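Q: I'm new to reading protein structures and I'd like a close look at one part of this one. Could you walk me slowly through the middle of the sheet?

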Amino acid sequence: MARVISFASGKGGTGKTMVVANLGVCLAKRGKRVIVLDADLTMANLGLLFGLEERFTLHDVLAGKAEVEEALHEVMPKLEVVQGGLSLKDIGQIRLERLKGVVVELSRRADYVLLDCPSGFEEDFTAALAASSQLVLVINPDPLSVAEAMKVKRMAGKMRVALLGMVVNRVVGKDADLPLREIEALLELPLLGAIPEDEEVARALASGKPLVVQAPRSPASEALEKIAEVLLKRK
Ligand SMILES: Nc1ncnc2c1ncn2[C@@H]1O[C@H](COP(=O)(O)OP(=O)(O)O)[C@@H](O)[C@H]1O
Ligand SMILES: [Mg+2]
C-alpha cells in the first residue's frame with residue numbers, strides 16, 4: 001500500500017499545487033511509483049502544470065461517470081496524474097464520500113499518493129484529509145499563512161492524521177519574511193525544507209511542464225529535490 005500524503009495550507013495560493021506536482025516528479029525520478037491527485041474540486045488546476053488536456057477527471061469518478069483507471073494519466077514513467085475538472089457544471093453530482101474509496105484504490109497501484117488539497121476548511125478539505133494518513137503543510141513566511149496553518153494542524157490532530165512537517169514556500173529572505181526559526185517555534189513542526197521565490201515557477205507554468213523538468217537548476221527546483229529526499233527518509 002502507498003503512503004498517502006496530503007498537502008494543505010488553510011490559506012489559498014501558498015503553492016500547494018506547485019509543490020505536489022514537482023515532488024511527484026522528483027519521487028518518480030527516484031524510482032517510486034507515484035500518483036498525484038487533484039483533490040481541489042472547485043479550483044482544480046494540477047493538470048495545467050503538466051500541460052494535460054482535460055479528459056476524464058476526478059469529478060467524473062466522484063460523479064460515477066468514469067472508472068478510476070480512466071482518470072489516470074501517465075505524464076512520465078512511474079508518474080500518473082488524476083486531474084480535477086475545470087468546470088463546475090457537474091459539481092452537484094459529486095459524491096465526496098467516494099473520495100476515500102478512490103484513494104484506497106489508487107494506493108494499491110503506487111508507492112506514493114500525493115493529494116493536492118483545497119484551501120479553506122470546507123467539506124472537500126476534510127474529505128481529502130480523511131482519505132490520507134500523513135499531512136504536509138505548505139506555508140508562506142507571513143503571519144496570516146502561519147495562523148491558517150495552525151488551524152490545519154489542530155484539525156489534523158482531531159482527525160488523527162500524522163503531521164510530517166512543513167514546507168515554507170516563496171521565501172524572499174528579506175525583512176518582510178517571518179524568519180524560518182520563528183515559524184518553526186510558532187507551529188512546533190519540523191521544517192522539511194524552504195523553497196525560494198523563483199521567477200522560473202511562472203515560466204514553467206506557461207510552458208506546461210513541471211518546474212523541475214523545465215528548469216532543473218533553478219533555486220526552487222533544487223529546493224524541491226532536497227525536500228523529496230527528506231520525504232523519502234522520513235517514514
Ligand atoms: N516558489 C515560488 N516562486 C514564485 N512563484 C510561486 C512559487 N510557488 C508558487 N508560486 C506561484 O504562486 C501561485 C499560487 O501557487 P499554487 O501552487 O497554485 O498555490 P495553491 O495550490 O496553494 O493555491 C501560482 O501562480 C504559482 O505559480
Ligand atoms: Mg492549488
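How many bridges join β2 to β5, and do they run parallel or antiparallel?

A: Five bridges join β2 to β5, and the two strands run parallel. Keep in mind throughout that this is a predicted model. If pairing is a new idea, here is the background: strands of a sheet pair through backbone hydrogen bonds, either parallel or antiparallel.

Let's put β5 on the map. The sheet is open and has eight strands, in the order β3-β4-β2-β5-β1-β6-β7-β8, with mixed pairing. At the edges you'll find β3 (72–76) and β8 (191–196), each with a single partner strand, so one side of each has no neighbour in the sheet. From one strand to the next, the twist averages 25°. In that order β5 sits between β2 and β1, so let's look at each side in turn.

On the β2 side, find Leu37, which stands opposite Leu115 in β5. On the other side, β1 (residues 3–8) pairs with β5 (residues 112–116) in the parallel sense, over five bridges. Two places to look along that pairing are Ile5, which stands opposite Leu114 in β5, and Ser6, which stands opposite Leu115 in β5. Notice that Leu115 turns up in both directions: Leu37 stands opposite it, and Ser6 does too.

Now for the side chains of β5. Tyr112, Leu114 and Asp116 point one way, while Val113 and Leu115 point the other way, and all are buried. Since five of the five residues of β5 are buried, this strand is largely enclosed by the rest of the structure.

So what lies over the sheet? One piece is helix α1 (residues 16–29), which packs on the sheet and touches β1, β2 (34–38), β3, β4 (79–82), β5, β6 (134–139) and β7 (162–171). The direction of α1 makes about 165° with that of β5. Another piece is helix α5 (residues 123–130), which lies across β1, β5 and β6 and runs at about 150° to β1. In α5, the buried residues are Asp124, Phe125, Ala127, Ala128 and Leu129. Those buried residues pack against β1, α4 (99–107), β5, β6 and α6. A handy thing to know when you look at any such helix: an α-helix has 3.6 residues a turn, so residues three or four places apart point the same way.

Let's step across β1 to β6. β1 and β6 run parallel and are joined by four bridges. Here Ser6 comes back, because its bridge partner in β6 is Leu135, while in β5 it stands opposite Leu115. Strand β6 is also largely enclosed by the rest of the structure, since five of its six residues are buried.

To get a feel for what "buried" looks like, zoom in on Leu137, which lies in β6. Leu137 has 28 other C-beta atoms within 10 Å, so it counts as buried. Leaving out residues up to four places away in sequence, Leu137 touches Ala8, Ser9, Ala149, Val152, Lys153, Met166 and Leu189. Take Ser9 from that list: Leu137 and Ser9 are 128 residues apart along the chain, yet their C-alpha atoms are separated by 5.4 Å.

One more step takes you to β7, which pairs with β6 in the parallel sense over six bridges. Leu135 shows up again here, standing opposite Leu163 in β7. Together β6, helix α6 (residues 143–158) and β7 make a right-handed β-α-β unit. In the loop between α6 and β7 you'll come across Arg160. Arg160 has a positive phi of about 55° although it isn't a glycine. Arg160 has 8 other C-beta atoms within 10 Å, so it counts as exposed.

For a contrast, try Lys78, in the loop between β3 and β4. Lys78 also has a positive phi, of about 75°, without being a glycine. With 20 C-beta neighbours inside 10 Å, though, Lys78 counts as buried.

Finally, α1 brings us to ligand 1. α1, β7 and α8 (200–207) are the elements that each give two or more residues to the shell around it. Of the 18 residues around ligand 1, the ones that come nearest are Gly15, Lys16, Thr17, Met18 and Val201. Sorted by class, that shell has six nonpolar, eight polar and four charged residues.

How values were computed. Residues are numbered from 1 along each chain as its sequence is written. Chains are lettered from A and ligands numbered from 1 in the order in which they are written. This is a predicted model: local features need pLDDT of at least 70, side-chain atom pairs count only at pLDDT 80 or more; totals for chains, interfaces and linings use all residues. Two strands pair if DSSP finds at least two bridges between them. Axes are lines fitted to C-alpha atoms, for helices over the stretch in contact, and angles run from 0 to 180 degrees between N-to-C directions. Two residues are in contact if their C-beta atoms, placed from the backbone, lie within 7 Å. A residue is near a molecule or strand if its C-beta atom, placed from the backbone, lies within 6 Å of it. Ala, Val, Leu, Ile, Met, Phe, Trp, Tyr, Cys and Pro count as nonpolar, Asp, Glu, Lys and Arg as charged, and the others, Gly among them, as polar. A residue is buried if 20 or more other C-beta atoms lie within 10 Å of its own, exposed if 12 or fewer, and partly exposed in between; C-beta atoms are placed from the backbone. A crossover is right-handed if, with the strands pointing away from the viewer, the path from the first strand over the helix to the second runs clockwise.
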